[in-house]
Amino acid sequence: MRHISRPLGGPCCILLAASLWGTTGTARTFAPADASPVAVGAARIIGGGMLLFLLALRGGALRGLITRGTRTRCLLAISAAAAAASQAAFFTAIARTGVAVGTAVTIGAAPVFTGILSSITGQGNRPGARWLTATAAAVAGCAMLITSGHTSTASAAGIALALAASFCYAVYAVTASYLITNGAEDHAVVGAIFGGAAILLLPVLFTSAMSWAATGHGLAVATYLAVLTTTLPYLLYARGLRTTAVTTATTLGLAEPAAAAILGLTMLGEHLTATGLAGLGLLAISLATLAWPSHRLTTAARPASGQHQPCDGAPTGATSAQASR
């Protein structure tokens, strides 16, 4: 049964991570009225990033990562800057485009940017027909789900910022995948990246009204966002990258708006149009297709390290000999 259970592990971790990310919007609705979206987002990343950093310090994993060389330290610095920039660009984008359009562009473009960066950096993730078909359908379903029933007030600058946020996400996802599949401890990688992003976002705490976080209500929301929408899901996502190509992982991350939509329907009394329901169904089918294990690889017949193969959810060559994000 090992040849079935092992491929399932990575995609399941990533789908669970995306589902936790999808609770972010619902959790934010319980924040105090004076909590701005930018301040809440900064509190989430700073709190979660610091927790990830502290976890990375345990057992000397972070020290081992930092001492891997100048190249690794540069990649971590770039990734931390990309993670912080992604948050800032996203919140600025939705202010100019609206939440629906800004979210659709940011999330929908991520698999495309990830596929391009993976090909450029030569990580051995050559897109196969299964990935291309499932990703195209998932992106279409995501767009239908998020934008259904919304009128667009998007500006060109807002769209550009949403694309910038998506590109920055792809940068740190591809970099994390590269480091993890080359032997780095998964929790050390995300701890270094998001610990660095937390430091870069600290000025937001001094330029935004943060009194809401000192109330019991606000502290509960901030804690939930830091632990259950940042720390835990990024640990799961990193673990999933051990056995899942980053291109596949990014597409599976489109489960986030599906989870958000389901919570909106069940907890917030929101309604979906027929287009939105159709998009939700298309997205679910696409993600299930991509997450289902490919039977072309078994433990007895896997490609050698570094060998190219289609990224249809099976482990990449660099991960086949490793145990665990």
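**View 1. Buried residues across the whole chain.** Of the 325 residues in this predicted model, 52% are buried. The fold has 13 helices and just two strands. Its accessible surface comes to about 13,700 Å², and carbon and sulfur atoms own 69% of that.

**View 2. A nonpolar patch on the surface.** Here's a greasy spot of about 600 Å², built from Leu51, Phe53, Leu54, Leu57, Tyr224, Val227, Leu228 and Leu232. Helix 3 (37-57) and helix 10 (216-240) are the elements that each put in two or more residues. Take Leu57, which sits in helix 3: its relative accessibility is 45%, so it counts as partly exposed.

**View 3. Trp21 meets Tyr234.** The chain has seven aromatic pairs, and in this one the ring centres are 5.1 Å apart. The planes stand at 55 degrees, so we call the pair tilted. It ties together distant parts of the chain, with Trp21 in helix 1 (residues 2-21) and Tyr234 in helix 10, 213 residues apart. Both rings belong to buried residues: Trp21 has a relative accessible area of 5%, and Tyr234 comes in at 7%.

**View 4. Tyr172 meets Phe194.** This aromatic pair is edge-to-face, with 85 degrees between the planes and 5.6 Å centre to centre. Tyr172 comes from helix 8 (residues 156-180) and Phe194 from helix 9 (residues 186-207), 22 residues apart. Both residues are buried.

**View 5. The aromatic cluster.** Zoom out a little and the two pairs turn up in one cluster, made of Trp21, Tyr169, Tyr172, Phe194, Tyr234 and Tyr237.

Notes:
Residues numbered from 1 in each chain as written. Predicted model: local features only at pLDDT ≥ 70, side-chain atom pairs only at ≥ 80, totals over all residues. Heavy atoms only, no water. Helix = DSSP H or I, 4+ residues; strand = E, 2+ residues; numbered from the N terminus. Buried < 20%, exposed > 50% of the residue type's maximum accessible area, 1.4 Å probe, protein only. Areas by Shrake-Rupley, 256 points an atom, 1.4 Å probe, with all protein chains shown as cover. Patch = residues over 30% accessible without salt bridge, like charges linked within 9 Å, V, L, I, M, F, W, Y side chains within 5 Å. Salt bridge = Lys/Arg side-chain N within 4 Å of Asp/Glu carboxyl O. Phe/Tyr/Trp six-rings, centres within 6.5 Å; stacked < 30°, edge-to-face > 60°.
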